[in-house]
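User: Please take a close look at the largest pocket of this model. I should like to know what lines it, and how the aromatic pairs and cysteines are placed.

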Amino acid sequence: MTVFHFFNCAILTFGPHAVYYSATPLSEYDTLGTSVKAALVYLGTALVKLVCLATFLKVSDNESFDPYQEFLKALIGFIDVAGLYFALTQLTHRNISQNHKFQAVGLGWAFADSILHRLAPLWVGARGLEFTWDYILQGLEANANLVLSISLAALGSLMWLRKNKPKTLIPIIYTCAGIVATMPSITSYMRRGLGWHFPEVVGFQLFTSLVMAFISWQLFAACQRPSA
């Protein structure tokens, strides 16, 4: 039963990444190399973030919300944006379109995040003797993060690669990118500041990811239309 529970949670956590790759044109254009490069960039940015967090943040004995500490975390979190910028603009990619590039980068980014933050807890905890919903919720959280990562990559693609975008959409693009980039700080405030439980936070993440995906899709489609 414990092994069955582990495999169910692992499929829920990592399966959507494989399904997205195989069910979209990404597999047809062989963008796996781009996703792997993006995953390596993510691991590099995660290491830089870890060093910054260890250097500038103090260890707290309680779980209360500290605005100053959370502000520093949010600033350090923008290292992800810098890493995503590097993955989108500086890495050499095969001759793929901008549409496929941001999807491949976002997919690799989200998969690396799931491996780094969820594989070890899943391996240790989901094989326990007692059934718990925590790892199913963790899988749902990984799905929300997949959607948010691809949305942020799409917005980054519009900010840094799309030159002829309508000027009226630029503030909306940057605002949406800022919201997605600060999502970890937002969910941290919900847990520590508002006292939300893990299921409520995951539900908010799922809802927000769908909303941001819809907005990003509309913005990307609007920027692809020929200007009058």
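Analyst: The largest pocket holds about 1300 Å³ of space. The model is a predicted one, and the values that follow are computed from it.

The lining of this pocket comprises 36 residues. Lying nearest the centre are Tyr42, Lys49, Asp113, His117 and Pro184. By class, the lining residues divide into 17 nonpolar, 10 polar and nine charged.

Several helices contribute to this lining. At least two residues each are supplied by helix 2 (32-56), helix 3 (67-77), helix 5 (98-125) and helix 6 (134-160). The same holds for helix 7 (170-181), helix 8 (183-193) and helix 9 (198-224).

Tyr42, named above among the residues nearest the pocket centre, leads on to the aromatic pairs. The structure holds six aromatic pairs. In one of them, Tyr42 and Trp109 meet edge-to-face, with 5.2 Å centre to centre and 80° between the planes. This pair links distant parts of the chain, since Tyr42 belongs to helix 2 and Trp109 to helix 5, 67 residues apart. Tyr42 has a relative accessible area of 3% and therefore counts as buried, the cut-off being under 20%. Trp109 has a relative accessible area of 7%, so Trp109 is buried as well.

A further aromatic pair is formed by Trp196 and Phe204. Their arrangement is also edge-to-face, at 6.2 Å centre to centre and with 85° between the planes. Here the surroundings are described by other values: Trp196 has 32% relative accessibility and so counts as partly exposed. Phe204, at 23% relative accessibility, is likewise partly exposed. Both values fall in the partly exposed class because that class lies between the buried limit of 20% and the exposed limit of 50%.

The cysteines remain to be considered. The structure holds zero disulfides. Cys176 is accordingly in no disulfide, and the nearest cysteine sulfur, that of Cys223, is 11 Å away. A disulfide requires two cysteine sulfur atoms within 2.5 Å, so this separation does not qualify. Cys176 is buried, with a relative accessible area of 7%. Cys52 is buried too, because its relative accessible area of 18% is under the 20% cut-off.

To draw the part together: the pocket is lined by 36 residues, and Tyr42 both lies among those nearest its centre and pairs edge-to-face with Trp109.

How values were computed: Residues are numbered from 1 along each chain as its sequence is written. This is a predicted model: local features need pLDDT of at least 70, side-chain atom pairs count only at pLDDT 80 or more; totals for chains, interfaces and linings use all residues. Side-chain values use heavy atoms; hydrogens and water are left out. On a 1 Å grid over the protein atoms alone, a cavity is a set of points where a 1.4 Å probe fits but cannot get out, and a pocket is an open set with protein on both sides within 12 Å along at least five of seven lines; lining residues have an atom within 4 Å of a point. Grid points are joined across faces, edges and corners, and a volume is the space filled by probe spheres set on the points. Helices (H or I, at least four residues) and strands (E, at least two) are DSSP runs, numbered from the N terminus. Ala, Val, Leu, Ile, Met, Phe, Trp, Tyr, Cys and Pro count as nonpolar, Asp, Glu, Lys and Arg as charged, and the others, Gly among them, as polar. Rings of Phe, Tyr and Trp (its six-membered ring) pair if their centres lie within 6.5 Å; planes under 30 degrees apart count as stacked, over 60 as edge-to-face and the rest as tilted. Buried means under 20% relative accessible area, exposed over 50%, partly exposed in between (1.4 Å probe, protein chains only).
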